[in-house]
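Let's take a walk through this one, stopping at a few residues and then stepping back to look at helices and empty space. Keep the viewer open as you read.

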Amino acid sequence: IEALSRGAASADLVEVSASGVRAIRENAELLGAGDELRVHRGDAMKFIEQLDPHAFDVAFADPPYGHGLAKAVAEHWLVVPFATVLGIEHASKEQMPEGDTRRYGDTAITFYRTGSPRSS
């Protein structure tokens, strides 16, 4: 929703919980996000596993901490770079594949970009 407010042409969100999807749709309606916002209910890993290379310009993942999901998203992106730029929020102590990591206390965001030495 933030990306749309800053000029993105479209945004796709993936949320596993029904209440989360409901909250996203309610917030989007309040903020006037229209057809350019698509909310997919389901498992985010299954969603990205279906994507072709470069399906998105920019992707951001904020999986629950402590389950290894941030690392799994990054490892999948290294095989199939489904976005030109990928940012993943994770616990700062979590070991991630090499990327551009920025730490903010207990939280970190690691960025991956196509064309970098580690990408396909």
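Start with Ser92, which is buried, with a relative accessible area of 17%. The cut-off for that word is under 20%, so Ser92 earns the label at 17%. Bear in mind throughout that this is a predicted model. Ser92 sits in the loop between strand 4 and strand 5. What does Ser92 touch, not counting residues up to four places away in sequence? The list is Arg103, Gly105, Asp106, Thr107 and Ala108. You can also pick out Ile109, which is 17 residues from Ser92 in sequence, with the two C-alpha atoms 8.0 Å apart in space.

Stay in that loop for a moment. Glu98 also lies between strand 4 and strand 5, the latter covering 100-104. Is Glu98 buried or exposed? Its relative accessible area is 57%, so Glu98 is exposed, the line for that being over 50%. If you want a long ruler across the model, try Glu98 to Gly34: they are 64 residues apart in sequence, and 37 Å separates them C-alpha to C-alpha.

Now go back along the chain to strand 4, where you'll find Ala83. Its relative accessibility is 0%, so Ala83 counts as buried. Leaving aside neighbours within four places in sequence, Ala83 is in contact with His54, Phe56, Asp57, Val58, Ala59, Trp77 and Thr114. Gly42, by comparison, is 41 residues from Ala83 in sequence and 19 Å from it in space, C-alpha to C-alpha.

One of those contacts of Ala83, His54, deserves a stop of its own. His54 lies in the loop between helix 3 and strand 3. Check its backbone: phi is near 60°, a positive value in a residue other than glycine. At 45% relative accessibility, His54 counts as partly exposed.

Trp77 was on the contact list of Ala83 too, and it takes us to helix 4. The buried residues of helix 4 are Ala70, Val73, Ala74, His76, Trp77 and Leu78. What do they pack against? Helix 3, strand 3, strand 4 and strand 6 (107-113) are the partners of these buried residues.

Next up is helix 2, home of Val21. The C-alpha atoms of Val21 and Trp77 are separated by 24 Å, and the two residues are 56 apart along the chain. Val21 has a relative accessibility of 5%, so it counts as buried. Its contacts, leaving aside neighbours within four places in sequence, are Glu15, Val39 and Arg41.

How does the length of helix 2 check out? It has 13 residues (18-30), and at 1.5 Å a residue these should span 18 Å; the end C-alpha atoms are 18 Å apart, which agrees. If you multiply 13 by 1.5 and get another number, remember that the expected span uses one less than the number of residues.

Along helix 2, the buried residues are Gly20, Val21, Ile24 and Ala28. Look down the helix axis and these buried residues fall within an arc of 100°, so they line one face. The spacing is no surprise: an α-helix has 3.6 residues a turn, so residues three or four places apart point the same way. Strand 1 and strand 2 (37-41) are among the elements that cover the buried residues of helix 2. Glu29 and Leu30 are exposed, and they sit on the face turned away from the buried side. Just after the helix, Gly32 takes a positive phi of about 80°.

Finally, turn from atoms to gaps. Rolling a probe the size of a water molecule over the atoms shows where empty space is left. The largest pocket holds about 1,200 Å³ of space. It is lined by 38 residues, and Asp12, Leu13, Val14, Phe60 and Ala61 are the closest to its centre.

Which elements supply at least two residues each to that lining? They are helix 1 (2-5), strand 1 (11-15), helix 3 (44-49), strand 3 (56-61), helix 4 (69-79) and strand 4 (83-91). The largest share, six residues, comes from strand 3. By class, the lining has 28 nonpolar, three polar and seven charged residues.

How values were computed. Residues are numbered from 1 along each chain as its sequence is written. This is a predicted model: local features need pLDDT of at least 70, side-chain atom pairs count only at pLDDT 80 or more; totals for chains, interfaces and linings use all residues. Side-chain values use heavy atoms; hydrogens and water are left out. On a 1 Å grid over the protein atoms alone, a cavity is a set of points where a 1.4 Å probe fits but cannot get out, and a pocket is an open set with protein on both sides within 12 Å along at least five of seven lines; lining residues have an atom within 4 Å of a point. Grid points are joined across faces, edges and corners, and a volume is the space filled by probe spheres set on the points. Helices (H or I, at least four residues) and strands (E, at least two) are DSSP runs, numbered from the N terminus. Ala, Val, Leu, Ile, Met, Phe, Trp, Tyr, Cys and Pro count as nonpolar, Asp, Glu, Lys and Arg as charged, and the others, Gly among them, as polar. Buried means under 20% relative accessible area, exposed over 50%, partly exposed in between (1.4 Å probe, protein chains only). The arc is that of the directions from the helix axis to the C-beta atoms. Contact means heavy atoms within 4.5 Å.
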